[in-house]
Amino acid sequence: MNTKILFRSLILLLFCVIKTNAQEVLTIENAVKIALENNYEIKIASNNSLVNKANATAGNAGMLPKATATIVDNNGIQNLSQTRSDGTVTKLNNAKSSNLNYGVGLDWTIFDGFKMFAKLDQLKELQKLGEAQLKLTIITKISDVNNTYFDLVQQQQQLAALDTTIVISNQRLNLAQNRFSIGKASKLEVLNAQVDLNTDKVALLRQKELYANTKIVLNQILARDAKTDFIVVDSITVDSQLLLPELTELAEKQNPQLESQIINKRVAELQLKQIKGTRYPTVKLNTGYNFSDSQSGLGFTTQSSARGLNYGFSASLNLFDGFAQNRNEQIAKIQIENSKLEFDQQNQQLYSQLATSYQTYLTNLELIDLEEKNEAIANQNLNITLDKFRIGTITTLEFRTAQLNYVNAKVRYSNAQFQAKLSEIALKELAGTIAL
């Protein structure tokens, strides 16, 4: 009989090992890599950046000539009647006529008050803005991946704590049943142990539900099948060496939101430069080579053709436009001022977020040390209480209290690590270094 039980136990153990190995162990590095490759928001932002890059060309700024080819072919059938000066009348029914023109032309704006140069610079700044927005999207998504991933690590640790308490509750129930069977405990002690065990099982089921739902959320961020199964690592490592001055210096150089405000200010300045360019004349060159052929069924000339080169230039200057020029320049200057204010606002907000996040980070680091000590004390207290409970020197209430204290201490320690990790992620996101 013992051999059969041992054999079944080995089969069950082998099955559990195979099932565990079949699950993907997803590291945070792999999760970030998958998000960078698959996430839809990152792909959209990347495509928008490519559009801005394609727009930043000399041709789009109006610096290059435009060449066009044209062809026009008109035909007609008409009943014609002509009366000459000498009174002679000439008529022709169903007279055919045709007029064919074709050629190539070239137009080139060679001066427009330097607007085209300002336009090209503006397009290049918009390209940089698109890159900054792409960087912001990437950093935000990587931050989301990190937050959700380490939330799963924390929940996995809490599942382990609840598994441990169920094992202890089962031991307590078995002890209570044994004591009841030999007359050293009442039925009430057995029932209380059963109720507490069921309570622990309910908590475990709720935690499993939360864990499964969070895995679905992470799969969604990674843009892969929501049913993809995986497990995460079993520990959280917090970078405890972050310094506020270094983070502030990095944020001033790399924070994508601050970078975007700097670019927006430059774009507004270039917009004013383009508007001021309207005060200067615009000079254009034009040339072309054209062919024409016309035929008429009636008239002094029944057929004519021409071909040749034409060229010239044109110049225009805005003399008065109802004060629209002054108004546009005034609006552009206000937009520059607004961009400066927005930069200062973003700068102040960044410093404030760094300061508050860093203070939270320091507090969470202290909490990690404190909760680690509390967990060790609670574990020692539980072991002593369990020994005393086995020999019947403490009550079930005291045992349950020690058991819950141990579970709560493990959960608080796990949560302290998680909160410290969130603070670390927030600081690196503000500094613009989390993607690296």
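In this predicted model, Arg412 and Glu371 form a salt bridge in which the closest N and O atoms are 3.2 Å apart. Arg412 belongs to helix H9 and Glu371 to helix H8, so the pair ties together parts that are 41 residues apart in sequence. The two partners differ in their surroundings: Arg412 is partly exposed because its relative accessible area is 39%, whereas Glu371, with a relative accessible area of 11%, is buried. In general, side chains of opposite charge can pair when their charged atoms come close.

The count of salt bridges comes to 19. Another of them joins Asp196 to Arg172, with 2.5 Å between the closest N and O atoms. Here Asp196 lies in helix H5 and Arg172 in helix H4, so this pair ties together parts that are 24 residues apart in sequence. Asp196 counts as buried because its relative accessibility is 17%, under the 20% limit. Arg172 is also buried, its relative accessible area being 2%. The pair is part of a wider arrangement, since a network of salt bridges links Arg172, Asp196, Asp200 and Arg400.

A salt bridge can also be found inside a single helix. Lys428 pairs with Glu424, the closest N and O atoms being 3.0 Å apart. Because these residues are 4 residues apart in helix H9, about one helical turn separates them. Glu424 is buried, with a relative accessible area of 4%.

The discussion now turns from charged pairs to nonpolar packing. In soluble globular proteins, nonpolar side chains tend to be buried together. The largest nonpolar core of this model has 64 residues, of which Leu26, Val145, Tyr149, Phe150, Leu218 and Leu222 touch the most other members. At least two residues of this core are supplied by each of helix H2 (28–38), helix H3 (40–55), H4, helix H5 (187–221), helix H6 (244–254), helix H8 (324–391) and helix H9 (396–431). H4 provides the largest share, 15 residues. Apart from this core lies another, of 6 residues, among them Ala61, Met63, Met116 and Leu123.

Val145 offers a view of the largest core from one of its members. This residue is found in helix H4 and counts as buried because its relative accessibility is 1%. Beyond its neighbours within four places in sequence, Val145 is in contact with Ile28, Ala31, Val32, Ala35, Leu218, Ile221 and Leu222. Among these partners, Ile28 is 117 residues from Val145 along the chain, yet the C-alpha atoms of the two are separated by 8.0 Å.

Helix H4, which spans residues 115–181, also contains Gln157. With 19% relative accessibility, Gln157 counts as buried, because the limit for that class is 20%. When residues up to four places away in sequence are set aside, Gln157 touches Asp234, Ser235, Ile236, Ser414 and Gln417.

Nonpolar side chains also appear on the surface. Val104, Tyr289, Leu309 and Tyr311 form a nonpolar patch there, and together they have about 460 Å² of accessible area. Val104 lies in strand S3, residues 89–111, and counts as partly exposed because its relative accessibility is 47%.

Two loop residues merit attention for their backbone geometry. Most residues other than glycine have a negative phi. Ala223, although not a glycine, has a positive phi of about 60°; this residue is found in the loop between H5 and strand S4 (230–231). Phe323 likewise is not a glycine and has a positive phi, of about 65°. Phe323 is placed in the loop between strand S6 (303–316) and H8, and is exposed because its relative accessible area is 55%.

How confident is the prediction, and where does pLDDT stay under 50? The protein chain averages a pLDDT of 88, and 93% of the residues score at least 70. Over residues 1–21, however, pLDDT stays under 50, and the model has 0 contacts for them beyond four places in sequence. Where pLDDT is low, the predicted coordinates should not be read in detail.

Key:
Residues numbered from 1 in each chain as written. Predicted model: local features only at pLDDT ≥ 70, side-chain atom pairs only at ≥ 80, totals over all residues. Heavy atoms only, no water. Patch = residues over 30% accessible without salt bridge, like charges linked within 9 Å, V, L, I, M, F, W, Y side chains within 5 Å. Areas by Shrake-Rupley, 256 points an atom, 1.4 Å probe, with all protein chains shown as cover. Salt bridge = Lys/Arg side-chain N within 4 Å of Asp/Glu carboxyl O. Buried < 20%, exposed > 50% of the residue type's maximum accessible area, 1.4 Å probe, protein only. pLDDT = per-residue confidence, 0-100. Contact = heavy atoms within 4.5 Å. Core = buried A, V, L, I, M, F, W, Y, C linked by side-chain atoms within 4.5 Å.
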